[in-house]
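Dear colleague,

I am passing on the structure we spoke of, and my notes on it follow below. Please read them with the model open beside you.

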Amino acid sequence: MTKTAVTMTAAPTRQDRAARIAVAVLFLTNGAVFFNVVPRYPQIKAELGLSNALLGAALVAYPIGALLAGLLAGAAIRRWGSARVAAHGIVATTLATLTIPFAPHWLLFGAALFVVGALDSVVDVAQNAHGLRVQRRYGRSIVNSLHGVWSIGAVLGGLMGSAAAGLHLPLAAHLTISAVLFGTVALVAYRYLLPGPEDAERVPDSARPSFSGAAVRMLAALGVLAACGALVEDAGASWGAVYLSDELHAGAATAGLAVVALQVAMTLGRLTGDRVVDRFGQRTVARAGAALAAAGMGTALAVPSVPATLAGFALAGLGVATLVPAAMHAADELPGLPAGSGLTIVSWLLRGGFLLSPPLVGVVADLTSLRAGLLTVVVAGVVTVVLARVLVNRRG
């Protein structure tokens, strides 16, 4: 027997408001932990003596770990609950990042990223599952704002990483500070998350769970849309600092601003996304945003300079801001599926974007140039314009 969502009509209680703040804090810490590492990629690349292709091969370990572990998230949530899995998973992720400074070879660096990616994929599903629990209690959309807070965390982490790189702070000391800070915050937030079973906000549905052909096709399309959003985001995270440093000769602190520009714009788009989507619809917003991302990044690559590149990453981030939340929400609301299955599957499929991006961009960069490799952002925008037809132009 499946479950269907309950739409709450009463005003949120004090517990509901506390849970919303707590789950938002988890989104923030989840974004901040990994993005503390991203601006240090040029330093790691130089210290290990890596080519673009070898760096890409190491970076791909992160999405591989996420893909292998992602489908375990549902079982973990059913056993321990989304609150515990999300909060304690963040603590485990911070500990895993502490192995990165001690990796003497690109294979060991990749192994560390593999563990971080595996933990992050489980945390990602758990925090979204808990956020959707809170959303059902509110009776209105809050999921974009939660992803917006994740982006704030990513910006915070990116700024911390850029500052640490600019100050030449040892990587081990930098990541220890990050682990202690964000691990403690996650444990405090855990106390205020919603108690009870994961289906507490749902009522039984008489329909028998079934993965029909139509449902499978919808999940595939939603997964590709989410993967396109992930690919755009990963381009800024994995290659933005390297592109500015190697091809545009920017300093370490300036190079780290590529991911910050993307995440700042994505944050603004997500924090305002609920109202925009309610007014214009998911399909319209996704298509317009994808066109903006493709045009902005395409122009930046055609006119290579530090200001144009930062603007291009910013437009790319703004353009795909609501894409992943829209795909996740649509998947979670697909009728006839076992509870949580749509969210878990699309969350797993979006990791394909992270899996594809690093090696693809790295190989193209070594064969031609990194500027050509970043054209994947433009391609992702075009694909999104086409596939956004599966989204609806109405709320919910």
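Surface, fold and one helix position

The accessible surface of the protein chain comes to about 15,600 Å², and 68% of that belongs to carbon and sulfur atoms (areas are from the Shrake-Rupley method with a 1.4 Å probe, and for residues only the protein chains shown count as cover). Please bear in mind that this is a predicted model, in which local features need pLDDT of at least 70 and side-chain atom pairs count only at pLDDT 80 or more, while totals for chains, interfaces and linings use all residues. Residues are numbered from 1 along each chain as its sequence is written, and side-chain values use heavy atoms, with hydrogens and water left out.

The protein chain holds 19 helices and two strands (DSSP runs, H or I of at least four residues and E of at least two, numbered from the N terminus). Its radius of gyration is 20 Å, close to the 21 Å given for 396 residues by the globule rule, so the protein chain is as compact as a globular protein of that length (taken over C-alpha atoms, the rule being 2.2 Å times the number of residues to the power 0.38). The C-alpha trace spans about 60 × 40 × 35 Å along its principal axes, and 55% of the 396 residues count as buried (under 20% relative accessible area, with exposed over 50% and partly exposed in between, using a 1.4 Å probe and protein chains only).

As for a single position, A173 sits in helix α9, residues 171-190, and is partly exposed, with a relative accessible area of 34%. The C-alpha atoms of A173 and T184, which are 11 residues apart along the chain, are separated by 17 Å.

With best wishes
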